[in-house]
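Good morning, everyone, and thank you for making time for this. I would like to walk you through one structure slowly, beginning with a single chain and ending with the place where two chains meet.

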Number of protein chains: 2
Amino acid sequence: MAKLKGNAVVGQSGGPTVVINQSLVGIVKAAKQREEIGKIYGARNGVRGMLEEQFVELQDLPDRQLDAVAGTPSAALGSTRDKPDEEYCSKIFEVFRKNDIHYFFYIGGNDSASTAHILNGLSEKYSYDLRAIHVPKTIDNDLPVTDHCPGYPSAARFVAMAIMGDNLDNKSLPGVKIDIIMGRHTGWLAAASMLARQDSDDGPHLIYVPEVPVEMTQFVEDVDRVVQTHGRCLVAVSEGITDNKGELWAKKAQAVMEQDAHGNVTLSGTGVLADFLVSELRKSKSHIKRMRGDTFGYLQRCFPGVISAVDAQEAYLVGQEAVRYATDWAMDGSVAIRRLSEGAGEYKMETFLTPLASVAAKTKTMPAEYCDTPGVIKDAFLDYLKPLVGDLPVCGRL
Amino acid sequence: MAKLKGNAVVGQSGGPTVVINQSLVGIVKAAKQREEIGKIYGARNGVRGMLEEQFVELQDLPDRQLDAVAGTPSAALGSTRDKPDEEYCSKIFEVFRKNDIHYFFYIGGNDSASTAHILNGLSEKYSYDLRAIHVPKTIDNDLPVTDHCPGYPSAARFVAMAIMGDNLDNKSLPGVKIDIIMGRHTGWLAAASMLARQDSDDGPHLIYVPEVPVEMTQFVEDVDRVVQTHGRCLVAVSEGITDNKGELWAKKAQAVMEQDAHGNVTLSGTGVLADFLVSELRKSKSHIKRMRGDTFGYLQRCFPGVISAVDAQEAYLVGQEAVRYATDWAMDGSVAIRRLSEGAGEYKMETFLTPLASVAAKTKTMPAEYCDTPGVIKDAFLDYLKPLVGDLPVCGRL
């Protein structure tokens, strides 16, 4: 089969991570080695930049600059929340034709896989040779098929360290502390807080995730019970927790607490859920004197320097492999990770390519194997998580 | 003069820091070397543990354990919010007599200096030989006399790195982002966010501190102006900002946003101020589509691993020196830091002892030399701050 010659475009989409630029640089460095790939266009702000021809040429950048970009958090090309439909993608196609673009690499979550899927469909319809590869990225870890998502291990590391510090803080000035953790409608990131436990007294004492609904009465009684046992209670809460009817607690919180609620539920970038949970506790458990709520917010996905080494390597690798699948294999799809080692042994992985349709617009929640009781994450989850996050500081104690 | 023989007690008070245990271990290691000091009692939860004779003996702990404690965030002995009066201190004195305690070391902020001052006065009244030393600690940097407070440089480093990451995040998905930063009624910590600027486009674009009041109309117009110039706006806001009448914006926010406000203004552990500021912006600047607010919260004072090397060394040193002042000098007072080098030259410092009354219950705000206009911190502040915080990551860009 003749090699498909042409230019490539790469874009970044959705909420950034601290390693999304590793994937970008993995793609650029691998694509530079391919004679069939000419120019490598970086699209500013993802599909938006493709639509508006906002490109920066990446093929001639020095390795020193690329390496600096790879080690920098957030999307160096800029990101977007645009979720293109077929019409939007048709217009992108015109830009592809005009610029002789035949390789499309899109780093993002399941919306980005959908975009790649639509473009892939259009390329067949138009009989236009296009390799469309989705490169996985999300701190939420909610993409199907892949064992885990690049970006998640570093965010998990941030959450584990944050909760480790907050546990010591809460121990020194005892009371109830509620920490809201990202993750959209899955609990993968909040569950990572359990890595903070090093001592039998350590929090988080309770971890609530969207996969296991919780009623307010149970939440309040759970916290009170822990306070009676430990004299304090550190609670990790997913931003996406719901009641038994599946209604978001964040939505109820915004209805109660915000003056200007327009019906749009903002999961991140607001402290409302933490404040609401504290206020519910105060209503019936006023004997607990010290109650505080923090929302970890955007720091979970952008804090420089808190990066899992495994994550950085894998994020680079999935970018590199995307180019290999598009060129050597001449395939379309979403790059995924398969774990080769089991349990506590040496961690090994490999990549594989999964059909775009298997990832597009789909969400993977935590299985019952890891959680089936409100407030509790099972130890089995630690076997999955530990190799990804790396060693954590060990706390000295008196 | 004969050496004062007896046991020592050490306690930790107020909001912990990531280096407060360095001071504890500095005291313990130095006191172990002194033949005039017998037992070293660690008081659980500060003065509360002294009152209730909740002691842990520290003189025989192995260096390995002490070193591990020194590197661990938060108060290893536990902390307290108790602010003892003379009656409370009289009861502590009974415990001192009973346990032959003649050396008192208290690590904390200006309330802790007050406690040391009261105990010092009582020792004269009772003609009881007691050396009372206050060892400075606060992320707020608001103690008078000393050039800066141990704990502050590490928290400043956390804030600088957090804003650096959030600036990249905000650049990739443009909009208004408001970040609330600790510091009580001073702006030292929020002002440290300016270290995040590496490029002319970088945020924080505005920094509001309590030392320079701001009206809501000005805040809103400032933000809008930056959005018109940069297409986005990252704002660092001290939790203690006020209007022109000196009323806390946090207080107004709680009155408007919270259902269960009891008149107590909580500066930390709530996301209300960020949410209120976002809601005020939405009212008049609804053309700005993306608006988010985060409150950095307790992570600023407890996040493991984000520690300024200068801060860790100095926190240990002030503990060590406290023992030297109490023994060799037979003096009471508060340990302070004097900066020996000026400007951008090599950073050097020494400690000195200042009277307890000069620190007790007093607050040092930022001088007009560093800030006199709402939203703006002057470059002169960087000369003060940079040597304390250490090198920061350099961001790669496309």
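Let us begin with chain A by itself, which contains 13 helices and 11 strands. Its radius of gyration is 22 Å, close to the 21 Å that the globule rule gives for 398 residues, so chain A is as compact as a globular protein of that length. Please keep in mind throughout that what you see is a predicted model. If you take the principal axes as your frame, the C-alpha atoms of chain A fill a box of roughly 75 × 50 × 35 Å.

How much of chain A counts as buried? Of its 398 residues, 59% do. There is also a point to make about contacts along the sequence: if we consider the contacts in chain A with a separation of 6 or more, 76% of them are accounted for by residues 24 or more positions apart.

Now let us bring in the second chain. Chain A can be laid on chain B by a turn of 180° and a shift of 0.0 Å along the axis, and the RMSD is then 0.0 Å. The two copies are thus related as by a two-fold rotation axis. In chain A, the C-alpha nearest that axis belongs to A:Gly271, at 2.1 Å from it.

What does the contact itself consist of? It takes 55 residues from chain A and 55 residues from chain B. On the side of chain A that touches chain B, the elements giving two or more residues are α3, α6, α9, α10, β9 and α11 of chain A, and α6(A) gives the most, with eight residues. By character, the residues on this side of chain A divide into 25 nonpolar, 19 polar and 11 charged. Moreover, 100% of the interface residues of chain A are also interface residues in chain B, so the copies meet through the same surface.

I would like to finish with one helix, α10 of chain B, which covers residues 272–284 and reaches 19 Å from its first C-alpha to its last, close to the 18 Å expected at 1.5 Å a residue. Its buried residues include B:Val272, B:Leu273, B:Phe276 and B:Leu281, and also B:Asp275 and B:Glu280. Against what do the buried residues of α10(B) pack? Within chain B, they pack against β6, α8, β8, α9 and β9, and from the other chain they pack against α10 of chain A.

Methods
Residues are numbered from 1 along each chain as its sequence is written. Chains are lettered from A and ligands numbered from 1 in the order in which they are written. This is a predicted model: local features need pLDDT of at least 70, side-chain atom pairs count only at pLDDT 80 or more; totals for chains, interfaces and linings use all residues. Copies are superposed by least squares on the C-alpha atoms of residues with pLDDT of at least 70 in both. Two residues are in contact if their C-beta atoms, placed from the backbone, lie within 7 Å. Helices (H or I, at least four residues) and strands (E, at least two) are DSSP runs, numbered from the N terminus. The radius of gyration is taken over C-alpha atoms; the globule rule is 2.2 Å times the number of residues to the power 0.38. A residue is buried if 20 or more other C-beta atoms lie within 10 Å of its own, exposed if 12 or fewer, and partly exposed in between; C-beta atoms are placed from the backbone. The expected span of a helix is 1.5 Å times one less than its number of residues. Ala, Val, Leu, Ile, Met, Phe, Trp, Tyr, Cys and Pro count as nonpolar, Asp, Glu, Lys and Arg as charged, and the others, Gly among them, as polar.
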